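Here is a friendly tour for anyone new to reading protein structures. Take a moment to look around before reading on.

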Number of protein chains: 2
Amino acid sequence: MRIPIKDVTPETERAVVIGWINEVRDLGGLAFYILRDRTGFLQVTIVKKKAPEAVVAAAKEASRESVVRVTGTIKATEKAPGGRELIPDTFEIISRAESPLPLDVSEKVPAEIDTRLDNRYLDARRPRVAAIFQIRSAVTHAINNLLFEEGFTNITTSKIVAAATEGGTELFPLAYFEKEAFLNQSPQLYKQMMMAAGFEKVFEIAPIFRAEEHNTTRHLNEATSIDVEISFADHHDVMDLLERVIVRAYTAVTETCGPALEALEIELAIPETPFPRITYAEAIDIAALSIDEDISYGDDLSTAAERAIGEEMGVHYFITDWPTEIKPYYAMPYEDNPTVCKAFDLMHPRMELSSGAQRIHEHDLLLTQIAAKGLSPEGFSFYLQPFRYGMPPHAGWGLGMDRLIMTMLGLQNIREAVLFPRDRHRVTP
Amino acid sequence: MRIPIKDVTPETERAVVIGWINEVRDLGGLAFYILRDRTGFLQVTIVKKKAPEAVVAAAKEASRESVVRVTGTIKATEKAPGGRELIPDTFEIISRAESPLPLDVSEKVPAEIDTRLDNRYLDARRPRVAAIFQIRSAVTHAINNLLFEEGFTNITTSKIVAAATEGGTELFPLAYFEKEAFLNQSPQLYKQMMMAAGFEKVFEIAPIFRAEEHNTTRHLNEATSIDVEISFADHHDVMDLLERVIVRAYTAVTETCGPALEALEIELAIPETPFPRITYAEAIDIAALSIDEDISYGDDLSTAAERAIGEEMGVHYFITDWPTEIKPYYAMPYEDNPTVCKAFDLMHPRMELSSGAQRIHEHDLLLTQIAAKGLSPEGFSFYLQPFRYGMPPHAGWGLGMDRLIMTMLGLQNIREAVLFPRDRHRVTP
């Protein structure tokens, strides 16, 4: 019976292991094969005069990154990783790798991000890369668990939609039989319909699609969004939830991803709550003091501004109380000052992670806001209708999974947090 | 503090409840308002001469399906649902519903599926409908949990792809900046790349898109697929896993969705394992005996054939050992009889739920099979490359979430298992 490499200890007597050949060192009479599976490394030591002929012959044919099955006895040794080596009595090549490899898996030769992505199946063999996706998987699971514990219903909404519901023009068009359709840029309006349906607490973790032309290290055209919506809640309630989500994600990684964090050489600090909450006006003041740009109340926050504020804050923080004019039409204005709305962004010192708000639940106010943005209500009557038949107050947010992973692990490029990223120029592999 | 309606008992003294007005019965001096939230129903009883004037006035304005907030004292009574009623001292309309409603939520008037889907936000207020999606959410969570327990990595693969990787022509084309791209019909090839990457056990629960023109009660053009792939496994291993997944889903629903099952009037029986496994040849024999169609070895199973076999079997079952010719090119042929392959379908008596196989992991054999299907390997060289650099043996399956829910709950139309279905004619809401 095969055992995972991490379970092979100096005390193990015999072992069957299956893995990839990470490295070969042939010293003449002696050869070392470093095997790798998803749990670790194991040195196979072949003393050519002592080993069975079939083992020596097979090992000679075994190129780097071939898949092999090796059985033998385990010996304790201080010279090998993990303090043990395998002395083989069988050595079988399951799948032989051609040479040269399109990418050096052993990480001795650094590769450009494009070469890495073109050969993701090799790139992801590197423990540092595999670690990122093990952590991403753990984060997904942790957030699922937290939301289930808190009574949320996991929903699935369609990614093919008929209209540009957020009013933007940055949509990918699609030939849907005789009709034109689009890829959905956000489940926002569907989440709100589920509030009208009385589901009260819903979430979805799913792809969103944005046909934005910018090509940066922190934007992708296909992204994973964690979307949440809650009835009878305001922006404060959902900011509190967002803190719990972030803390749960970091905690789960700390508790369950030790080897992955080690591979990445990261000591993860769990963010302290409550996260500071500053108003948009305060954020603008901080930015205006720190950067050499003309910046005033009502402006969107530029990348430079975000960076300056992030440096000042140093931890996760919220920016609240945004000008109504620069937030989407569905953000609820304050009753006593409608030029400011109950919207917020969750910021990591490096970048924005999440946007949310208490939403407008009153039909006529929503219509007014749609008109104020210069949008035409006809385009989304299917969205407006639920507001006429008993819509509860509600609030929610969307959290970028890719950015959450990127900032948690200090990755320089969002493409490192996504297995098969899609950008301005990339639709493969 | 608001309490969920299910927590209001005859012993409760005072309660604040928020919900929708499901029904109004005004008997003159006496009026009953049945409130509904996602947890149950509560009767609000207003004796007009005794109730505060403000309550009587507000209640008069409160149309069916309005959202209201009511506070008052609880009295035990055998005449009301749950053995208790609320005698209000405040009654506030949070969101007033217009009349008439586009759909009768109280289920007294049956509605066509199209009317229901056009007004899903009202349709899903019905406890029978909400129950389906609570159960679907529980199933998603249960399957996630099982796969995490078994050491799977949750992956996210791109839905925008460059090529028709399964060779079909049934793809939705998409304008991706200057390039043509498609919506992915299955994560199959990405799962296999992750096997090449050494991830060993991966899963994804995500949308798939098929531009098939048929318009039936069991096909949709956008579906949710539960996809699994395992290295160093064969078709038997992944059939065993599939049984565990089905059983876990049914068990979780039985254990955690009591009220939802009650609303649907379903007593769920957990399928017994192992599921019977019959070969394709045996299945053809059963069908040939039962139906009036010309059917012979090598044919696809028609709907009528599936139905006949399902009636004979009466429980979940596998059809194994399919002719290589009618399964996808990546299914592994038997070494001793390559005209038959290690593919299987998981069948519910009513219909197919899942397809899977041990996959081909040898590059040259894969190339041969691609050519045998009349496909051009140039179209997916990015897919073939991983097979040249150390591809482990592997097996997997895709399980249709929508059909799983449909068959579990005995729904007549797959559209009932999907919040916002997409079919030949429907892209809204």
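Is helix 5 (residues 188–196) of chain A largely enclosed by the rest of the structure or open, and why? Nine of its nine residues are buried, so helix 5 of chain A is largely enclosed by the rest of the structure. Here, buried means under 20% relative accessible area, exposed means over 50%, and partly exposed lies in between (1.4 Å probe, protein chains only). Helices (H or I, at least four residues) and strands (E, at least two) are DSSP runs, numbered from the N terminus.

Before going further, a word on the model: it is predicted, so local features need pLDDT of at least 70 and side-chain atom pairs count only at pLDDT 80 or more, while totals for chains, interfaces and linings use all residues. Residues are numbered from 1 along each chain as its sequence is written, chains are lettered from A and ligands numbered from 1 in the order in which they are written, and side-chain values use heavy atoms, leaving out hydrogens and water.

**Around helix 5**

The buried residues of helix 5 of chain A include Tyr190(A), Lys191(A), Gln192(A) and Met195(A). After this helix comes Gly198(A), with a positive phi near 85°.

One residue that reaches helix 5 is Met391(A), so let us visit it next. Met391(A) sits in the loop between helix 11 (381–384) and strand 17 (394–400) of chain A. Its relative accessible area is 0%, so Met391(A) is buried. Contact means heavy atoms within 4.5 Å. Leaving aside neighbours within four places in sequence, Met391(A) is in contact with Gln192(A), Met195(A), Ala196(A), His361(A) and Pro386(A), and also with Val67(B) and Ser95(B). Ala57(A), on the other hand, is 334 residues from Met391(A) in sequence and 74 Å from it in space, C-alpha to C-alpha.

**Where the chains meet**

How many residues does each chain bring to the contact? Chain B gives 90 residues and chain A gives 90 residues. Of the interface residues of chain B, 100% are also interface residues in chain A, so the copies meet through the same surface.

The size of an interface is often given as the accessible area lost when the parts come together. For chain B and chain A the buried area is about 7700 Å², with 62% of it from carbon and sulfur atoms. Buried area is the accessible area (1.4 Å probe) that two parts lose on being put together, summed over both. On the chain B side, Arg38(B), Tyr121(B) and Tyr389(B) lose the most area to chain A, together 10% of what that side buries.

The rule finds eight salt bridges across this interface, each a side-chain nitrogen of Lys or Arg within 4 Å of a carboxyl oxygen of Asp or Glu. In one salt bridge, the side chains of Glu200(B) and Arg38(A) meet at 4.0 Å, N to O. Helix 4 (residues 127–149) of chain B supplies the largest share of the chain B side that touches chain A, with nine residues.

How are the two copies related? Chain B superposes on chain A by a rotation of 180° with 0.0 Å of shift along its axis (RMSD 0.0 Å). The two copies are thus related as by a two-fold rotation axis. The superposition is by least squares on the C-alpha atoms of residues with pLDDT of at least 70 in both. Leu174(B) comes closest to the rotation axis of the residues of chain B, at 2.3 Å (C-alpha).

**Unusual backbone spots**

Most residues other than glycine have a negative phi, and most peptide bonds are trans. This small table lists some spots that stand apart.

| Place | Feature | Value |
|---|---|---|
| Ser99(A) to Pro100(A) | cis peptide bond | omega about -5° |
| Thr273(A) to Pro274(A) | cis peptide bond | omega near -5° |
| Phe177(B) | positive phi, not a glycine | phi about 50° |
| Asp321(B) | positive phi, not a glycine | phi about 55° |

Pro100(A) lies in the loop between strand 5 (84–95) and helix 2 (113–118) of chain A. Phe177(B) is in the loop between strand 8 (173–176) and strand 9 (179–183) of chain B. Asp321(B) belongs to strand 13 (residues 317–323) of chain B, and it counts as partly exposed at 22% relative accessibility.
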